[in-house]
Amino acid sequence: MKKLIFILTFLIPVTFWAQYFLPNEEVIYSFETKNGKKMTLVKDKNNQYIQYRFGTANKIEMEFPKERTKESWKKFHYNSYFRGGGIDNAAMEIDNLLFTNNGFEYVIFRAYHSEGNDYSAGIVIKDSKGKETRINGNYKTVKGCICNLEDTKMIEREDIGLTF
């Protein structure tokens with residue numbers, strides 16, 4: 001009985017992470033939300049696909065796109081902005097990744113503002129009428145960076161505006 005409990009103690013976390021992370025994948029960017037959910041943006045190690053996942057420890061509530069194909073890269077739009085600090089400027093760095101799913105626009109963001117040394121991460125969801133819902137991420141749980149997408153050569157920077 002003790003062996004069974006010991007084995008289950010290790011299998012439950014492995015099962016949880018298996019939902020969010022497959023053996024052929026690497027995490028581009030992830031964070032936990034203020035209400036305990038997890039956002040994970042992953043890609044195949046050979047750049048065969050990119051995929052957004054969001055949910056709880058027990059269930060992925062949304063996976064986009066469903067298909068894990070090379071075409072998935074075309075469904076995401078990336079933008080970033082960097083301003084170094086100086087006499088007239090406060091430094092800032094903003095990264096956005098946008099996609100549309102079932103009539104909703106999703107923007108995953110990461111931002112830094114030197115004024116106040118403020119770091120933020122989250123998701124902004126806009127419906128077809130323009131109403132926005134903001135899901136704040138816990139910045140202490142951030143792993144990776146949206147900015148690393150440019151290194152893949154699979155996605156180009158676009159003028160999609162800035163959200164933070």
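**Core packing and salt bridges in the predicted model**

In this predicted model, Ile60 has a relative accessibility of 21% and therefore counts as partly exposed, since buried residues fall under 20%. Ile60 sits in strand E4. Its C-alpha atom lies 8.9 Å from that of Lys38, although 22 residues along the chain separate Ile60 and Lys38. Phe109, placed in strand E7, offers a second case: with a relative accessibility of 1%, Phe109 counts as buried. The C-alpha atoms of Phe109 and Cys145 are 9.6 Å apart in space, with their places 36 residues apart in sequence.

The interior comes next. The largest nonpolar core comprises 25 residues, and Tyr29 and Tyr52 have the most contacts inside it. Two or more residues of this core come from each of strands E1 (25-32), E2 (38-44), E3 (50-55), E4 (60-64), E6 (92-101), E7 (104-113) and E8 (118-126). The surroundings of Tyr52 can be followed residue by residue. Beyond its neighbours within four places in sequence, Tyr52 is in contact with Met39, Thr40 and Leu41, with Met62, Glu63 and Phe64, and also with Phe76, Phe99, Ile108 and Ile123.

Charged side chains add another layer to the picture. Side chains of opposite charge can pair when their charged atoms come close. The structure contains 10 salt bridges. One of them joins the side chains of Arg53 and Glu25, with an N to O distance of 2.6 Å. Because Arg53 belongs to strand E3 and Glu25 to strand E1, this pair ties together parts that are 28 residues apart in sequence. Arg53 counts as buried at 0% relative accessibility, and Glu25 is likewise buried, with a relative accessible area of 0%.

Another salt bridge is formed by the side chains of Glu26 and Lys43, at 2.9 Å from N to O. Here strand E1 supplies Glu26 and strand E2 supplies Lys43, so parts 17 residues apart in sequence are tied together. Glu26 counts as partly exposed at 33% relative accessibility, whereas Lys43, at 8%, counts as buried.

The side chains of Glu105 and Lys126 also meet in a salt bridge, with 4.0 Å between N and O. This pair links distant parts of the chain, with Glu105 in strand E7 and Lys126 in strand E8, 21 residues apart. Glu105 is partly exposed, with a relative accessible area of 27%, and Lys126 counts as partly exposed at 29% relative accessibility. Finally, Glu25, Arg53, Glu63 and Arg68 are joined into one network by salt bridges that share partners.

Note on methods:
Residues numbered from 1 in each chain as written. Predicted model: local features only at pLDDT ≥ 70, side-chain atom pairs only at ≥ 80, totals over all residues. Heavy atoms only, no water. Core = buried A, V, L, I, M, F, W, Y, C linked by side-chain atoms within 4.5 Å. Buried < 20%, exposed > 50% of the residue type's maximum accessible area, 1.4 Å probe, protein only. Helix = DSSP H or I, 4+ residues; strand = E, 2+ residues; numbered from the N terminus. Contact = heavy atoms within 4.5 Å.
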